[in-house]
Amino acid sequence: MRIHELNCGTLHVPGGAAVFGSSHFVCRCLLIELEDRLVAVDTGIGLRDVESPGPRLGEEWVAQVGPVLDPGETLFARVGSLGLDPRDVSDVVLTHHHRDHAGGLADFPWARVHATRACRAAVEAGGEGVMPAQWAHGVRWAPAPVPAAPWRGQTSWILDGLPASLRLVALAGHSPGHAGVLVEDVLRGRELLHVGDAVHHGAQLTRTAPPAVEAFAASAQHDEAARLRTQRLLAELADEGSVRLVNSHDPVPLTGRDRT
């Protein structure tokens, strides 16, 4: 197994440097090389989003976050730049359904899509944060995840047809059915957890986040109590140092990691 961390969409949020201490943000996805196929975790901003940002991303969102909209940053292009065939992406595992995480799904219409039941239900109901145009190609949903043994006290699920070393872990609060993706990184002898948008900035894990960061996290939450519980868990994991934490948008590593 080999794990690549890929930026699939640079964002330039006006005033972001003042709030987060960074002039840009990323849409961090994972590409996992298995022996016989490729598995993606989230898809970032896709080729069709670049071509038609208004209908697929929303004019207001584009104005708010300033996506670069570079086709070379899409997951489809990133896979090719690694010398791999995008057609070998057989499965996509979603942390959640928001536009900057699911936009590239249409670039891999043959891939099976894995998500929690609550996340899928939100998509099918056209819930908050769902951009219908991003799902109009017809998603090939995988069978629902199967409950597995709890991980660090959190509900976890194994995924149909994928190795048990790759699981969904409940990280509630940001959106309905929000989950992290746990990967047993056997090459480095530790676990990696992509936490999605469970935290937006590393300072949230060191309990030093400025009020503006916490205010932003609150503005983007689905369930405040659940979000804060998840944040405390991740802060404990960061203190412990046994799990490599990866989030979606902070360009600075949450915890020590190897770059691709």
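## A salt bridge at D36

D36 pairs with R37 in a salt bridge whose closest N and O atoms lie 3.3 Å apart; the term stands for a side-chain nitrogen of Lys or Arg within 4 Å of a carboxyl oxygen of Asp or Glu. Before going further, please keep in mind that this is a predicted model, in which local features need pLDDT of at least 70, side-chain atom pairs count only at pLDDT 80 or more, and totals for chains, interfaces and linings use all residues. Residues are numbered from 1 along each chain as its sequence is written, and side-chain values use heavy atoms, with hydrogens and water left out.

How much of each partner can be reached from outside? D36 is exposed, with a relative accessible area of 64%, while R37 is partly exposed at 22%. Here buried means under 20% relative accessible area, exposed means over 50%, and partly exposed is in between, using a 1.4 Å probe and protein chains only.

## From R37 to a network

R37 also meets D91 in a salt bridge, at 3.6 Å from N to O. That pair links distant parts of the chain, 54 residues apart: D91 sits in strand β4 (residues 89–93), and R37 in the loop between β2 and β3 (38–41). The element names come from DSSP runs numbered from the N terminus, with helices being H or I over at least four residues and strands being E over at least two. D91 itself is buried, its relative accessible area being 1%.

D91 has another partner in R112, and here the closest N and O atoms are 3.0 Å apart. Again distant parts of the chain are linked, since R112 belongs to strand β5 (residues 112–114) and D91 to strand β4, 21 residues apart. R112 counts as buried, with 15% relative accessibility. Through shared partners, salt bridges join D36, R37, D91, R112 and D160 into one network. For the model, the salt bridge count comes to nine.

## Two cysteines without a disulfide

What is the disulfide count here? It comes to zero, taking a disulfide as a pair of cysteine sulfur atoms within 2.5 Å. C8 is in no disulfide, and its nearest cysteine sulfur is that of C29, 3.8 Å away. The same holds from the other side: C29 is in no disulfide, and the nearest cysteine sulfur, at 3.8 Å, is that of C8. As a reminder of the chemistry, a disulfide is a covalent bond between the sulfur atoms of two cysteines.

C8 counts as buried at 0% relative accessibility, and C29 is buried too, with a relative accessible area of 1%. C29 is placed in strand β2 (residues 28–33). Setting aside residues up to four places away in sequence, C29 touches H4, E5, L6, C8, V41, D42, T43, G44 and H194, where contact means heavy atoms within 4.5 Å. By comparison, the C-alpha atoms of C29 and S156 are separated by 20 Å, with their positions 127 residues apart along the chain.

## Positive phi at D42 and R152

Most residues other than glycine have a negative phi, and most peptide bonds are trans. D42, one of the residues that C29 touches, has a positive phi of about 65° although it is not a glycine. D42 lies in the loop between β3 and α2 (47–51). Is D42 buried or exposed? D42 counts as buried, at 1% relative accessibility.

R152 is also a residue other than glycine with a positive phi, near 50°. R152 is found in the loop between β7 (146–151) and β8 (154–158). R152 is partly exposed, with a relative accessible area of 36%.

## The loop at G58

Where is G58 placed? G58 is in the loop between α3 (53–57) and α4 (59–65). G58 counts as buried, at 13% relative accessibility. Apart from its neighbours within four places in sequence, G58 is in contact with P53, R99 and M131.

R112 of the salt bridge network makes a handy reference point for G58. The two are 54 residues apart in sequence and 26 Å apart in space, C-alpha to C-alpha.
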